[in-house]
Amino acid sequence: MSLDGRRVAVVTGASSGIGEALARRLARDGWHLVLMARREDRLAALATELHGEYEVCDVTERESVERAAAAVLERHPRINLLANSAGIPGRKGFTEIDDEHLERVLRTNYLGGVWCLRSFLRGLEAAAPAAHVVNIVSVAGTVAFAPSGPYSAAKHAQLAFSRATAAELQPRGIRVHTINPGFVETEGFPQRTALRSAFFRRAVITPDRVADAIADAIENNHRELFVPRFYFGCEADDPVNAWAFNRRTNPLGARLNALFSSDIGHFDVPDMTDVVPEAYELVEHGLLNDEDFRDFMFGNAVRFWGEVNPDFFKGTVVEKQAAEVLASAKGAARV
Ligand SMILES: NC(=O)c1ccc[n+]([C@@H]2O[C@H](COP(=O)([O-])OP(=O)(O)OC[C@H]3O[C@@H](n4cnc5c(N)ncnc54)[C@H](OP(=O)(O)O)[C@@H]3O)[C@@H](O)[C@H]2O)c1
């Protein structure tokens with residue numbers, strides 16, 4: 001098959017959602033696509049549309065992956081991109097989910113990507129240093145909530161796999177990119193109807209947006225990316241700020257040292273004090289108490305800078321107050 005110099009991309013989970021959107025985006029960018037999933041009718045239609053190819057494959061079955069990879073490698077000895085997007089939801093806690101589904105979540109979301117990487121490694125090495133692996137993990141790979149514990153656990157494993165192989169394969173000229181989407185409206189994850197919180201529903205994005213971020217990560221060599229970036233926002237009045245202080249829901253009862261900060265540099269915030277009343281709405285709405293608010297606005301920032309450089313606040317208008325916070329921090333450390 002003549003590729004006219006086009007790069008070859010293998011996309012798993014290409015029969016719907018993020019994988020399908022990624023395949024379309026890559027085809028537009030001039031890649032030659034090999035689509036993989038279980039539903040042949042979907043794959044055949046998309047492959048025809050994108051002038052690509054497909055291999056039916058169940059990523060939970062190691063032999064199925066090896067067979068599909070061998071067939072692809074025979075046609076394309078060099079693989080420039082393996083994108084692991086095959087995945088299924090969990091939506092139940094460890095005590096409720098049935099045994100088979102729990103195993104399936106782990107075998108699809110974690111082991112599926114492992115078998116694919118191992119089976120396509122020869123092709124990726126042949127294309128190195130122009131070789132990439134993209135693992136579609138999730139924000140759920142970085143935080144865990146009770147209602148989707150088994151899914152989160154599988155995604156945590158997949159995240160560790162992705163980070164570990166990024167380090168392991170870099171010397172071999174293969175770049176591994178980790179993509180952590182938030183809520184994306186897809187067939188398997190119908191977030192707009194499944195999410196009960198109106199606040200979270202506002203954060204739902206399209207698979208195309210994830211596909212664009214992946215294309216950007218490949219071209220600009222981003223190693224790990226959250227899509228959308230919303231999750232690390234620390235806007236003055238963002239209710240998500242309160243999560244940092246919530247010992248009841250954070251793992252190990254942790255209280256994170258969030259800093260009021262990211263409004264700095266915003267074009268519409270020339271003076272940080274302008275947005276302080278907005279930030280105080282978190283207290284007025286019962287999301288933070290006064291002590292949390294004091295730490296968010298001042299104490300955490302003083303400890304962050306002052307513990308690195310005790311003179312950091314010398315000569316500023318808050319020198320005295322900062323010294324008090326640092327003195328009490330030292331006292332606490334001695335205890
Ligand atoms: N949507 C979200 O909110 C969201 C957020 C964060 C991360 N993610 C992750 O993004 C990835 C893609 O999910 P999506 O949202 O695009 O869902 P989706 O539309 O349901 O797509 C899932 C894809 O995985 C394939 N698949 C499932 N089990 C498979 C198996 N055993 N072997 C081969 N292919 C299999 C499905 O195809 P067949 O059924 O034809 O096999 C389908 O193409 C998943 O890893 C998911 O965990 C999704």
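**Figure 1. How much of the chain is buried.** In this predicted model, 37% of the chain's 335 residues count as buried. Measure out a box along the principal axes and the C-alpha atoms fill roughly 75 × 45 × 40 Å. Secondary structure adds up to eleven helices and seven strands. Take the contacts between residues at least 6 apart in sequence: 64% of them join residues at least 24 apart.

**Figure 2. Zooming in on the ligand and its shell.** There are 32 residues around the ligand, and G13, G17, R38, G87 and G188 come nearest. Two elements, α1 (17–28) and α4 (99–127), each hand two or more residues to that shell. The largest share belongs to α1, with three residues. Sorted by class, the shell holds 15 polar residues, twelve nonpolar ones and five charged ones.

**Figure 3. Strand β4, covered on both faces.** This view is about residues 81–84, which make up β4. On one side sit L81 and A83, on the other L82 and N84, and all four are buried. For a buried call here, 20 or more other C-beta atoms have to lie within 10 Å of the residue's own.

**Figure 4. The partners of β4.** Strand β1 (residues 8–12) runs parallel to β4, and three bridges join the two. Look for A9 in this pairing: the residue standing opposite is L81 of β4. With strand β5 (residues 131–136), β4 pairs in the parallel sense as well, this time over four bridges. Here L81 turns up again, now opposite H132 in β5. To get from β4 to β5 the chain goes through α4, and that β-α-β crossover is right-handed.

**Figure 5. A cis proline between α4 and β5.** Follow the chain out of α4 and you hit P129 in the loop that leads to β5. The peptide bond between A128 and P129 is cis, with omega at about 10 degrees.

**Figure 6. A cis proline after β7.** P228 is found in the loop between β7 (224–227) and α9 (276–284). The bond to look at runs from V227 to P228: this peptide is cis too, and its omega is near -5 degrees.

**Figure 7. R91 and its positive phi.** Which loop holds R91? The one between β4 and α4. R91 is not a glycine, yet its phi is positive, at about 55 degrees. Is R91 buried, exposed or partly exposed? It counts as partly exposed, because it has 15 C-beta neighbours inside 10 Å, and the partly exposed class covers counts between 12 or fewer (exposed) and 20 or more (buried).

**Figure 8. N221, on the way into β7.** N221 has its place in the loop between α8 (207–220) and β7. Phi is positive here as well, near 55 degrees, in a residue other than glycine. Because N221 has 10 C-beta neighbours inside 10 Å, it counts as exposed; the cut-off for that class is 12 or fewer.

Conventions:
Residues numbered from 1 in each chain as written. Predicted model: local features only at pLDDT ≥ 70, side-chain atom pairs only at ≥ 80, totals over all residues. Near = placed C-beta within 6 Å. Nonpolar A, V, L, I, M, F, W, Y, C, P; charged D, E, K, R; others polar. Pairing = 2+ DSSP bridges. Right-handed = clockwise from strand over helix to strand, strands pointing away. Contact = placed C-beta atoms within 7 Å.
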